Each structure stands twice: as structure tokens, then as C-alpha cells.
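User: Please take a close look at a single part of the structure below. Choose the part you would start with, and explain it in one connected answer.

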Amino acid sequence: AVRHADAASVRVALSPGDGGGVVLEVEDDGRGIGDAAGGSGGIRGMRERALLVNGRLDVGPGPRGGTLVRLAVPPAAPEAGP
């Protein structure tokens, strides 16, 4: 948000997700995502990292302009015993 959006404010929220997971939201009031939501290098890298933890990353316009990035991570699977 600081580097690319020219935002005046950024909201970061971490909350419980469905079934015990977590949801991270980052929303800014900057110039918006434009065509980059489809898979620019940085966003593609964030999506790949989300997949490593079985998460889902959504990037799009925020409700008040700017950009909203939402990462939903499910609870970790229980470790298999010996």
C-alpha cells in the first residue's frame, strides 16, 4: 500500500475465520488495483504463498475505493501421530 497505492490510510484487520482459521484483510484508500489484480508478479507471489498454507487470496477494489486484499487461511490439519 505504501509503495504502490499512494494511500493516505491503510486498515489492517485480523479476525477468526470459519471453522477455526484466520482472515487477514488489508485495505487502503489509494489509487486502486486496476488491471494488476489478474496476476502481476507481486500478487502472483502472494497467491502462491497463500496456497502453501491452503489459503485463499482475493485482491480487488475496496468498498470505499482503493484496494482490498483478503487472505483466508483454514485451520492447520492435526499432526499425524507415530
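Analyst: A residue counts as exposed when its relative accessible area is over 50%, as buried when it is under 20%, and as partly exposed in between. Arginine 56 has a relative accessible area of 56%, so it is exposed. Keep in mind that the model is predicted. The part to look at is the set of strands, with the salt bridges of their side chains.

A short orientation comes first. The protein has one helix and four strands. Read from the N terminus, the elements come in the order β-β-α-β-β. Of the 82 residues, 24% are buried.

Now the pairing. Strand 1 (10–16) and strand 2 (22–28) run antiparallel and are joined by seven bridges. In this pair, leucine 14 faces leucine 24 of strand 2 as its opposite residue. The two strands form a hairpin with five residues between them, and glycine 19 in that turn has a positive phi of about 70°.

Strand 2 also pairs with strand 4 (residues 67–73), again in the antiparallel sense, over six bridges. Leucine 24, already met opposite leucine 14, stands opposite leucine 71 in strand 4. The neighbouring position in the numbering, valine 23, has alanine 72 of strand 4 as its bridge partner.

Strand 4 in turn is joined to strand 3 by six bridges, and these two run antiparallel. Here glycine 60 is opposite leucine 68 of strand 4. Strands 3 and 4 form a hairpin with five residues between them; glycine 65 in the turn has a positive phi of about 90°.

Positive phi values also turn up outside glycine. Most residues other than glycine have a negative phi. Asparagine 54, which is not a glycine, has a positive phi of about 60°. Asparagine 54 sits in the loop between helix 1 and strand 3, and its relative accessible area of 64% makes it exposed. Aspartate 6 is a further case, with a positive phi of about 55°. Aspartate 6 belongs to the segment before strand 1 and is exposed at 62%.

With the strands in place, their charged side chains can be followed. The structure holds five salt bridges. One of them joins arginine 11 to glutamate 27, with the closest N and O atoms 3.1 Å apart. Arginine 11 is in strand 1 and glutamate 27 in strand 2, 16 residues apart, so this pair links distant parts of the chain. Are the two partners buried or exposed? Arginine 11 is partly exposed, at 32% relative accessibility, whereas glutamate 27 is buried, at 7%.

Another salt bridge is formed by arginine 70 and glutamate 25, at 3.4 Å from N to O. Because arginine 70 lies in strand 4 and glutamate 25 in strand 2, the pair ties together parts 45 residues apart in sequence. Arginine 70 is partly exposed, with 31% relative accessibility. These pairs belong to a network of salt bridges that links Arg11, Glu25, Glu27, Arg64 and Arg70.

Arginine 56, the exposed residue from the start, also has a partner. Aspartate 58 forms a salt bridge with arginine 56, the closest N and O atoms being 3.0 Å apart. Aspartate 58 is partly exposed, at 27% relative accessibility.

Nonpolar side chains remain. In a regular strand the side chains alternate between the two faces of the sheet. Val10, Val12, Leu14, Val22 and Leu24 make a nonpolar surface patch of about 440 Å². Strand 1 gives the most to this patch, with three residues. One of the patch residues, valine 12, lies in strand 1 and is exposed, at 58% relative accessible area. Leucine 14 and leucine 24, which stand opposite each other in the strand pairing, are both in the patch.

The largest nonpolar core, for its part, has five residues: Ile43, Ala50, Leu57, Val59 and Val69. Helix 1 (41–52) and strand 3 (56–61) each give two or more residues to this core.

Technical notes: Residues are numbered from 1 along each chain as its sequence is written. This is a predicted model: local features need pLDDT of at least 70, side-chain atom pairs count only at pLDDT 80 or more; totals for chains, interfaces and linings use all residues. Side-chain values use heavy atoms; hydrogens and water are left out. A nonpolar core is a set of buried Ala, Val, Leu, Ile, Met, Phe, Trp, Tyr and Cys residues joined through side-chain atoms within 4.5 Å. Buried means under 20% relative accessible area, exposed over 50%, partly exposed in between (1.4 Å probe, protein chains only). Patches are made of residues with over 30% relative accessible area and no salt bridge: like charges are joined within 9 Å, nonpolar side chains (Val, Leu, Ile, Met, Phe, Trp, Tyr) within 5 Å. Accessible areas come from the Shrake-Rupley method with a 1.4 Å probe; for residues, only the protein chains shown count as cover. A salt bridge is a side-chain nitrogen of Lys or Arg within 4 Å of a carboxyl oxygen of Asp or Glu. Two strands pair if DSSP finds at least two bridges between them.
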